[in-house]
Amino acid sequence: HIGIRANTDIGSPEGYMAVDDTMFYGCSIKTYKTPKRIGCYRHVTSDPGLPTVIKQFYYPPYGIRQLCEEAALKGGYTTFGILNGRECRSGPDATNTYDKDGKSSTCNGDSGSVDAYTVFMFEDEKAPPLAPAVIV
């Protein structure tokens, strides 16, 4: 199982996608995972809906969304959030807990805010059809 990062706008409304290649008896099967923005949700520090910091930055980096997406895929998380442009967060049950403190309107685009996450969830898409084999 090999994880490959593809920067392309083909097949992805978000402008990029992650691709997993799996070898199965000599055939390559691709599964595309595209993160979909779910919305902006409150972050309560005493009992956060996304309790696990999966990646943290001292300064907000350029491309935080892509960096967090990669960290979430590597950690096996299907739901992740960005807090204050500096933290990528998730959790073992993040798909069911990200919204436990309610919606917020304080997110700054994909970067979240001091007290809210911008939340994303991966959705599997079907692989593009394979071209028929030609035997010569």
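Start with the cysteines of this predicted model: when the bonded ones are numbered in sequence order, their pairing reads 1-4, 2-3, and the disulfides come to two.

Select Cys40 and Cys107 to see one of these links, in which the sulfur atoms stand 2.1 Å apart. The angle about the S-S bond is 85°, and the link of Cys40 and Cys107 is right-handed. Cys40 belongs to strand S3 (residues 27–42), whereas Cys107 sits in the loop between helix H2 (94–97) and strand S7 (116–125), so this pair ties together parts that are 67 residues apart in sequence. Both Cys40 and Cys107 are buried.

Next, select Cys68 and Cys88, which are joined by a disulfide with an S to S distance of 1.9 Å. Cys68 lies in helix H1 (residues 64–75) and Cys88 in strand S6 (residues 87–90), so the parts tied together here are 20 residues apart in sequence. The torsion about the S-S bond of Cys68 and Cys88 is about -70°, so this disulfide is left-handed. Cys68 and Cys88 are both buried.

From Cys88 in strand S6, move to strand S5 (residues 79–83), where five of the five residues are buried. In a regular strand, side chains alternate between the two faces of the sheet. Colour Thr79, Gly81 and Leu83 for one side of S5, and Phe80 and Ile82 for the other, and you will have marked two faces that are both covered. S5 and S6 run antiparallel and are joined by three bridges; to look at a bridge, select Gly81 together with its partner in S6, Arg89. The two strands form a hairpin with three residues between them, and Asn84 in the turn has a positive phi of about 55°.

Now turn to the aromatic rings, among which there are four pairs. Select Tyr41 and Tyr98, whose ring centres are 5.0 Å apart and whose planes meet at 85°, so the pair is edge-to-face. This pair links distant parts of the chain, with Tyr41 in strand S3 and Tyr98 in the loop between H2 and S7, 57 residues apart. Tyr41 is buried at a relative accessible area of 8%, and Tyr98 is buried at 10%.

Finish with Phe80 and Phe120, where the ring centres lie 5.2 Å apart and the planes are at 20°, so the pair is stacked. Phe80 is in strand S5 and Phe120 in strand S7, 40 residues away along the chain. Phe80 is buried, with a relative accessible area of 0%, and Phe120 also counts as buried at 0%. Add Phe122 to the selection, and you have one aromatic cluster formed by Phe80, Phe120 and Phe122.

Technical notes. Residues are numbered from 1 along each chain as its sequence is written. This is a predicted model: local features need pLDDT of at least 70, side-chain atom pairs count only at pLDDT 80 or more; totals for chains, interfaces and linings use all residues. Side-chain values use heavy atoms; hydrogens and water are left out. A disulfide is a pair of cysteine sulfur atoms within 2.5 Å. Helices (H or I, at least four residues) and strands (E, at least two) are DSSP runs, numbered from the N terminus. Buried means under 20% relative accessible area, exposed over 50%, partly exposed in between (1.4 Å probe, protein chains only). Two strands pair if DSSP finds at least two bridges between them. Rings of Phe, Tyr and Trp (its six-membered ring) pair if their centres lie within 6.5 Å; planes under 30 degrees apart count as stacked, over 60 as edge-to-face and the rest as tilted.
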